[in-house]
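Please read the following briefing alongside the sequence and the model. It covers strand pairing, a hairpin and the empty spaces among the atoms.

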Amino acid sequence: MLKILSSSARDASRSNGVAQRIVGGASATSIFRSLGSSSSSSSPNENRLLVVGSGVAGSAAALIAAETHQIPVTMIYAGNVATDCNSYWAQGGIIYRNYDPQSGDSADLLAQDIHRAGAGLCDSNAVQKLSEEGPDRVRQLLLDATERFAQVPFDRTSDGELSLCLEASHAAPRILHKADHTGRVITQHITQAAARHPLIQQIPRTVVTDLIVEDDHCIGVETLDRTTGRTCQEFGGHGTVLASGGLAGIYEHSTNPAGFNALGSSVALAARQQVVCRDLEYVQFHPTALCIPNESRFLLTEALRGEGAVLRDASGRAFAHDYHKDGELAPRDVVARAVFEESQKDSTQHNAFLDITHRDADWLRARFPSIQEHLVARGLDLANDRLPVIPAAHYTCGGIATDLQGRTSLKGLYAAGEAARTGVHGGNRLASTSLLEGLVFGASVSDFVGSEQ
């Protein structure tokens, strides 16, 4: 499956064939239909926006549509609860802006960092949009004191200012965080904001099995209720937003949790209708996933290296500077290749470790509590042990091709978040851009939809 998805990345019509072959030559919709005991249909003229997915991108799209433009929204997601999404698992943080003049931070500086990490393959307009609009969207959607959106309790300094940390390939400390579970706290608050909005309806435990297209226009989706087996058609007069994540979960070694997330559902739905998809070969591997035999890979956040963690081989030799002048803070693709190469040099033992034992033990356990809890359950400790690591599939930089408003090649169909190929990431994503991209482009979809009323 992996080879097929990669080799067909730039050819939507061939991707359409892949979507059929993945389910053994039959339409996924026809297979799911056979499971359903009954079906129902909504009114085809229903005046609403459909959002597929409940993560940061989907929630941002839903909230801006409902609150700013007074458009009714129906959110459809496969999980039992809205927080069952990949946004929940983001550890490190979300890019903001360092307003301390001594930092030198600016939209242009962030844009330079994104382009450098993206190997020169980023779309300049998309990068500039993210860099310029990002801080305002964070304030609007995540730092809102009015209860219209979310008020996320990010970490703060002793004087009450937002705490900003440094991550790999960033030229300035600009990352908002909440310990080592930033995605969890953002997702909890933004999904709660969506759940309490009177114009937003949520349909959980429901898989979207196909798009409904008439006269080259997406008018809705076909769904399957995971609990009852009931199939249904949902229609959206304001369009459909695909925001159900990427496809890195299909790899054997992946930081993505098991379940319906990160299996390429949005891309498959789009490809089946010959919607243009691009850059699917650009799957980012995170350099430092905890490597314990017979266990799923567990992400060890970029922020560990931002706080001084060192990559060492089995003898204790630090090796990252052998591969790049920035060492552990080089772009993710560089560090991932370094870790992989070192791991292959010794077939008798594991040969790549992440070491932050030189930092204060109490500080480490307070800064990275979720990671510490995971390690302790396995007899390891941040403050005392070098942690065995290996690269693992982490994030889909490509996806459904969109413009700056999230529009796809199919009228009435939009995409946002990891499901979309906005052009921001190029060939390799800069750390902590994923949540920000979901906010900025998810909101932009609904601003465009609202402008079309």
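**The open sheet and its edges**

Strand E15 and strand E16 (residues 353-355) run antiparallel and are joined by three bridges, where strands count as paired if DSSP finds at least two bridges between them. Helices (H or I, at least four residues) and strands (E, at least two) are DSSP runs, numbered from the N terminus. This is a predicted model, in which local features need pLDDT of at least 70 and side-chain atom pairs count only at pLDDT 80 or more, whereas totals for chains, interfaces and linings use all residues. Residues are numbered from 1 along each chain as its sequence is written, and side-chain values use heavy atoms, with hydrogens and water left out.

- Within the pairing of E15 and E16, valine 310 has aspartate 355 of E16 as its bridge partner.
- Helix H10 (residues 332-343) packs on the sheet, where it touches strand E13 (283-290), E15 and strand E17 (387-396), contact being heavy atoms within 4.5 Å.
- The direction of H10 makes about 55 degrees with that of E13, with axes fitted as lines to C-alpha atoms, for helices over the stretch in contact, and angles running from 0 to 180 degrees between N-to-C directions.
- The open sheet has five strands in the order E14-E13-E17-E16-E15, and their pairing is antiparallel.
- Strand E14 (298-299) and strand E15 (310-312) stand at the edges with a single partner strand each, so one side of each lacks a neighbour in the sheet.

**The hairpin of E8 and E9**

- Strand E8 (residues 206-214) pairs with strand E9 (residues 217-225) in the antiparallel sense over eight bridges, and aspartate 210 has glutamate 222 in E9 as its bridge partner.
- Two residues lie between the strands of this hairpin, in which aspartate 215 takes a positive phi near 50 degrees.
- Seven of the nine residues of E8 are buried, that is, under 20% relative accessible area with a 1.4 Å probe and protein chains only.

**Empty space**

- The second largest pocket holds about 320 Å³ of space, a pocket being an open set of points on a 1 Å grid over the protein atoms alone, with protein on both sides within 12 Å along at least five of seven lines.
- Of the 19 residues lining that pocket (an atom within 4 Å of a point), the closest to its centre are His217, His238, Lys411, Gly412 and Tyr414.
- The largest share of the lining of the second largest pocket, three residues, comes from E9.

Terms used:
Buried < 20%, exposed > 50% of the residue type's maximum accessible area, 1.4 Å probe, protein only. 1 Å grid on protein atoms, 1.4 Å probe; cavity = no way out; pocket = protein on both sides within 12 Å on 5 of 7 lines; lining within 4 Å. Points joined across faces, edges and corners; volume = space filled by probe spheres on them.
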